[in-house]
Amino acid sequence: MTKKAFRPDVDAPEYKGAYVPYDIIKEGAIAVLVVFILTAALALVFSSPDEKAITIKTWSNADAVDFAQTAGDELAGTSAVAGYGAPYNSNGTSQHWGFLSPEKWVGVHIPINTSQDFVIDPLSAQPAQPALTAALNQWKSASSTVQTAWADAFNKAEPNLTFVNNRVIIPTKAAGPIPVLLNYETQMARSGALDQALVTQNGFYTTNYTKPLLFLSDGTYFAGLANKQHLLGSQWGMMNETGQYPGQAWLWLYTFWYQVKPWSTSASGDFLVWGTMMILTALMVLVPFIPGLRSIPRKIKIYRIIWREHYTQ
Amino acid sequence: MSTDIDRQWTSRIRHNVVDKLPPDKLLPDTQPAYVASWIYVFGVTTIAALGVVILTGIILALDGPQWWHSSSLGHFVNSMHLWSVEIFFFAMVVHLWGKFSMAAWRGGRSLTWVTGAVTFMASILAGFTGYVSQTNFDSQWIATQAKDGINSTGGGAFFNVLNLGQMLMWHIVLLPLAAVVLTALHVIMVRVKGVVPPFEDATTEVSA
């Protein structure tokens, strides 16, 4: 029989020592009981958070200016979602690292045209009103060059947009039908009709909230609420929960990379963070096969504390 | 000489299973004396917490995903679901670091480590899909933030975190199934190979 050298980080010595009584079923039963009681006690004492979901109705009523500005950006094609890139559209620069850009390779799979999906289509489904119909016809029949000119004029006037007496006031006369469209869009949002219109575009039944969530994410109102709940990325928000509750604390390492350069400042920060975590995860899964890494436990000797009784005998 | 019965798939599988995992290994009544540390408690605690997570999840599923917003009983069950998840991850992480410190992959136990690590990953995904399925402000915010990371990998085209229906299905069907199957495989491997023995100081030789 051939012999090979004992590899201390791969092979385990044969145990020839004593065995002690062990009731595996009793151990399992006690563990379940203790965890159940502990869980019930924590639930009774601390409960759980449930901050109500916001709607486009609550947003537009709480901050009509932010809503109208965001809707204008969606119509003008200058919002974050409008220029996002894959998988929603092809308008943005995909995140990449060197030649690696899986976002770009996969392409557009969930097509979103913010102008059409968030503004024109919902308004077109409204009951006919002469001013609205005229504004929609003016927008739809205009060339893209003309639409861009109107959008540019809106973007210049946007910082001075106001909401007075239930009307959106945009201080420009060069924005074509945009002021009229945004007025109707804002009224629609404040009534709750826009919430419904955005989720029913695919029919009666729906469980897909991609469009209203993307619309919400473009405004500053949503992020302002998250800021108050310490949920922003700069607040380690990925592992936080609303209120004073523990969240996904196990995501601390994902969140960590978002706080340090170059991950925190790169335009492809998300891809760098996820790429980094994929590599670290692969190392963790494959540690038994990686020389050096698999020697760490033997060298740091924490095992001597765990098996201290064994070593003292 | 093998008979027709011995060559049956059923017979072969039964013999293999019984050979590798006889009843006294599956349900042992003794264990090596070195298994004497509190660190060993965290493995069984993880499984116990997984049981409570699944039980409370099943109760939450009975009346649909929005029941817990309007019912005090539902809110209590949701609270138990949350806290059992917190205990589950705490116990699992301590278990993982404990097993790393013991180099628990030694002695032909590499796959036991790998299934444990993959179970950890599946659990993180299960927890995440639960957070985005809460149908409240937290789920709205987490979904809109998480989309950027997942989209950057190309995965967002197929795993749309803004699609509540898709996330809920992954959370209550696919990922629990993965977690339970992986946990079962992990436990079976532990029972087949036994708990890893301590490092020995003296260098010895093993038969190849």
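User: What makes domain 1 and domain 2 of chain B neighbours in contact, and how many residues of each take part?

Analyst: In this predicted model, eight residues of domain 1 of chain B are in contact with eight residues of domain 2 of chain B. Contact requires C-beta atoms within 7 Å of each other. Domain 1 covers 37-89 and domain 2 covers 103-195, and their C-alpha centres lie 16 Å apart.

User: Which helix gives the largest share of the side of domain 1 of chain B that touches domain 2 of chain B, and how do those residues divide by kind?

Analyst: Helix 4 of chain B provides the largest share, five residues. By kind, that side of domain 1 divides into six nonpolar, two polar and no charged residues.

User: How do you know where the largest nonpolar core lies with respect to the two domains of chain B?

Analyst: Both domain 1 (37-89) and domain 2 (103-195) of chain B give residues to this core, so the core lies between them. The core has 111 residues, and those with the most contacts inside it are Leu181(A), Ala49(B), Phe88(B) and Val132(B). Helix 6 (residues 72-101) of chain B gives the most to this core, with twelve residues.

User: What does Leu181(A) touch, leaving aside residues up to four places away in sequence?

Analyst: Leu181(A) touches Leu75(A), Val119(A), Leu123(A), Ala135(A) and Trp139(A).

User: How many residues do chain A and chain B bring into contact with one another, and which helix of chain B gives the most?

Analyst: On the side of chain B, 81 residues are in contact with 85 residues of chain A. Helix 6 of chain B gives the most to that side, with 15 residues. Other elements of chain B that give two or more residues include helix 7 (110-131) and helix 9 (164-193). The side of chain B that touches chain A divides into 42 nonpolar, 32 polar and seven charged residues.

User: What makes strand 2 of chain A and strand 1 of chain B a pair?

Analyst: Pairing needs at least two bridges between the strands. Strand 2 (residues 19-21) of chain A and strand 1 of chain B have three bridges, and they run in the antiparallel sense. Among the residues involved, Pro21(A) has Thr30(B) as its bridge partner.

User: Why does the length of helix 1 of chain A agree with expectation?

Analyst: At 1.5 Å a residue, the 23 residues of helix 1 (residues 24-46) of chain A should span 33 Å, and the end C-alpha atoms are 32 Å apart, which agrees. The buried residues of this helix are Ala31(A), Val35(A), Thr39(A) and Ala43(A). What covers them includes helix 4 and helix 6 of chain B. An α-helix has 3.6 residues a turn, so residues three or four places apart point the same way. Just after helix 1 of chain A, Ser47(A) takes a positive phi of about 55 degrees.

User: Why is helix 2 of chain B said to lie largely in the open?

Analyst: Of the twelve residues of helix 2 of chain B, the number buried is zero, so this helix lies largely in the open. Helix 2 (residues 9-20) reaches 16 Å from its first C-alpha to its last, close to the 16 Å expected.

User: Why is Asn165(A) called exposed, whereas Ala103(B) is called buried?

Analyst: A residue is exposed with 12 or fewer other C-beta atoms within 10 Å and buried with 20 or more. Asn165(A) has 5 such neighbours, so Asn165(A) counts as exposed. Ala103(B) has 24 such neighbours and therefore counts as buried. Asn165(A) lies in the loop between strand 3 (162-164) and strand 4 (167-169) of chain A, and Ala103(B) is found in the loop between helix 6 and helix 7 of chain B.

User: What makes the phi angles of Asn165(A) and Ala103(B) worth noting?

Analyst: Most residues other than glycine have a negative phi, and most peptide bonds are trans. Asn165(A) is not a glycine, yet its phi is positive, about 50 degrees. Ala103(B), likewise not a glycine, has a positive phi of about 45 degrees.

User: Which peptide bonds lead into Pro87(A) and Pro262(A), and are they cis or trans?

Analyst: The bond from Ala86(A) to Pro87(A) is cis, with omega near 5 degrees. Pro87(A) lies in the loop between helix 3 and helix 4 of chain A. The bond from Lys261(A) to Pro262(A) is also cis, with omega near 0 degrees. Pro262(A) is placed in the loop between helix 12 (252-257) and helix 13 (269-285) of chain A.

How values were computed. Residues are numbered from 1 along each chain as its sequence is written. Chains are lettered from A and ligands numbered from 1 in the order in which they are written. This is a predicted model: local features need pLDDT of at least 70, side-chain atom pairs count only at pLDDT 80 or more; totals for chains, interfaces and linings use all residues. A nonpolar core is a set of buried Ala, Val, Leu, Ile, Met, Phe, Trp, Tyr and Cys residues joined through C-beta atoms within 7 Å. Helices (H or I, at least four residues) and strands (E, at least two) are DSSP runs, numbered from the N terminus. Domain bounds come from an automatic or database domain assignment. Two residues are in contact if their C-beta atoms, placed from the backbone, lie within 7 Å. The expected span of a helix is 1.5 Å times one less than its number of residues. Ala, Val, Leu, Ile, Met, Phe, Trp, Tyr, Cys and Pro count as nonpolar, Asp, Glu, Lys and Arg as charged, and the others, Gly among them, as polar.
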